[in-house]
Amino acid sequence: MTTPSSPTARAPVDPLDCRILLLLLTEPGIGVLGASRRLGVARGTVQARLERLQRTGVLRSMAPDVDPAALGYPVTAFCTLEIRQGRGGHSPVVDHLAAIPEVLEAHTITGSGDVLIRIVGRDNADLQRVIDRVVDDAHVTRASTVISLATRIDHRTVPLVEHLLEDSP
């Protein structure tokens, strides 16, 4: 039996879904009507597909992509956190991190650490303030931080959707 995480599992999208996603990713302001015209399908079809893609979690958001640097947070860092093992698991740490606006992402990881977070600061001194706030939790036992000097490949999904479209029958 094939599971969704196995390499041979078929994606929960078909070629039309991929074309809709690519259009929205490359032209976010196109809207449902514009997408239906461009793709030559009914507006209702595009709307229904988008609703299904959102419901199934493929399309996580229709929100704009905001650049933290343009908001005044040009320093990005990644912190690997080691957390105290015990009751509650990762939940107390995740709750603590969620309360810090400069924590943009948090991922449970394998390896020497337990949680990997992406944080931002206004400058290095502000980044230190953020790190101090991150480690100011009884469940965080150690943190290791690396500062990003430059983003070489930004978060992207267009190549992945294009690959799915190319592999579709």
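A crossing of two helices is called left-handed if the near helix is turned anticlockwise from the far one by less than a right angle, and right-handed if it is turned clockwise. With that term in hand, the tour may begin. The structure on display is a predicted model.

**Stop 1: helix 1 and helix 6**

Select residues 15–26, which form helix 1, and residues 158–167, which form helix 6. The axes of these two helices come within 9 Å and cross at roughly 155°. Angles over 145 degrees count as roughly antiparallel, and helix 1 and helix 6 are therefore roughly antiparallel to each other. Rotate the view until one helix lies in front of the other: helix 1 passes helix 6 in a left-handed crossing.

Next, display the side chains where the two helices meet. On the side of helix 1, select Pro-15, Cys-18, Arg-19, Leu-21, Leu-22, Leu-25 and Thr-26. Their partners in helix 6 are Val-158, Val-161, Glu-162, Leu-164 and Leu-165. Colouring this contact by residue type gives 9 nonpolar residues, 1 polar residue and 2 charged residues.

**Stop 2: two cysteines**

Remain at helix 1 and select Cys-18, one of the residues that meet helix 6. Is Cys-18 buried or exposed? Its relative accessible area is 2%, and the limit for a buried residue is under 20%, so Cys-18 is buried. Now select Cys-79, which has a relative accessibility of 1% and therefore also counts as buried. How many disulfides does a search of the whole structure find? The search finds 0.

**Stop 3: helix 1 and helix 2**

Keep helix 1 selected and add helix 2, residues 31–39. Helix 1 and helix 2 pack at an angle of about 125°, and their axes are 11 Å apart. The two helices are therefore oblique to each other. Helix 1 passes helix 2 in a right-handed crossing.

The residues to display in helix 1 are Leu-16, Arg-19, Ile-20 and Leu-23, which meet Ala-35, Arg-38 and Leu-39 in helix 2. This contact contains 5 nonpolar residues, no polar residues and 2 charged residues. Arg-19 deserves a second look: it takes part in the contact with helix 2, and it is also listed in the contact with helix 6.

Then centre the view on Leu-39, in helix 2. With a relative accessible area of 23%, Leu-39 is partly exposed. Which residues does Leu-39 contact, leaving aside its neighbours within four places in sequence? They are Leu-16, Arg-19, Ile-20 and Leu-23. For a view across the model, draw a distance line from Leu-39 to Gly-86: the two are 47 residues apart in sequence and 53 Å apart in space, C-alpha to C-alpha.

**Stop 4: helix 2 and helix 3**

Add residues 43–55, which form helix 3. Helix 2 and helix 3 pack at an angle of about 115°, with 8 Å between their axes. Helix 2 passes helix 3 in a right-handed crossing. Val-32, Leu-33, Ala-35 and Ser-36 of helix 2 make this contact with Arg-43, Val-46, Gln-47 and Leu-50 of helix 3. By type, the residues of the contact divide into 5 nonpolar, 2 polar and 1 charged. Ala-35 belongs to this contact and also to the contact of helix 2 with helix 1.

**Stop 5: helix 4 and the loop that follows**

Move to residues 91–98, helix 4, and select Ser-91. Ser-91 counts as partly exposed, at 45% relative accessibility. Ser-91 and Tyr-73 are 18 residues apart in sequence, and their C-alpha atoms lie 27 Å apart.

Now select Pro-101, in the loop between helix 4 and strand 2 (103–108). Glu-102 lies in the loop between helix 4 and strand 2 as well. Which is exposed and which is buried? Pro-101 counts as exposed, at 61% relative accessibility, whereas Glu-102 counts as buried, at 8%. Pro-101 and Val-120 are 19 residues apart in sequence and 9.0 Å apart from C-alpha to C-alpha. Display the surroundings of Glu-102: beyond its neighbours within four places in sequence, its contacts are Tyr-73, Arg-118, Ile-119, Val-120, Arg-129, Val-130 and Arg-133.

**Stop 6: Asp-136**

Finish at Asp-136, in the loop between helix 5 (124–135) and strand 4 (140–148). At 60% relative accessibility, Asp-136 counts as exposed. A last distance line, from Asp-136 to Gly-88, spans 18 Å between C-alpha atoms, for two residues 48 apart in sequence.

Notes:
Residues numbered from 1 in each chain as written. Predicted model: local features only at pLDDT ≥ 70, side-chain atom pairs only at ≥ 80, totals over all residues. Heavy atoms only, no water. Disulfide = S-S within 2.5 Å. Buried < 20%, exposed > 50% of the residue type's maximum accessible area, 1.4 Å probe, protein only. Axes fitted to C-alpha atoms, helices over the stretch in contact; angles between N-to-C directions. Helix = DSSP H or I, 4+ residues; strand = E, 2+ residues; numbered from the N terminus. Parallel < 35°, antiparallel > 145°, perpendicular 65-115°, else oblique. Contact = heavy atoms within 4.5 Å. Nonpolar A, V, L, I, M, F, W, Y, C, P; charged D, E, K, R; others polar.
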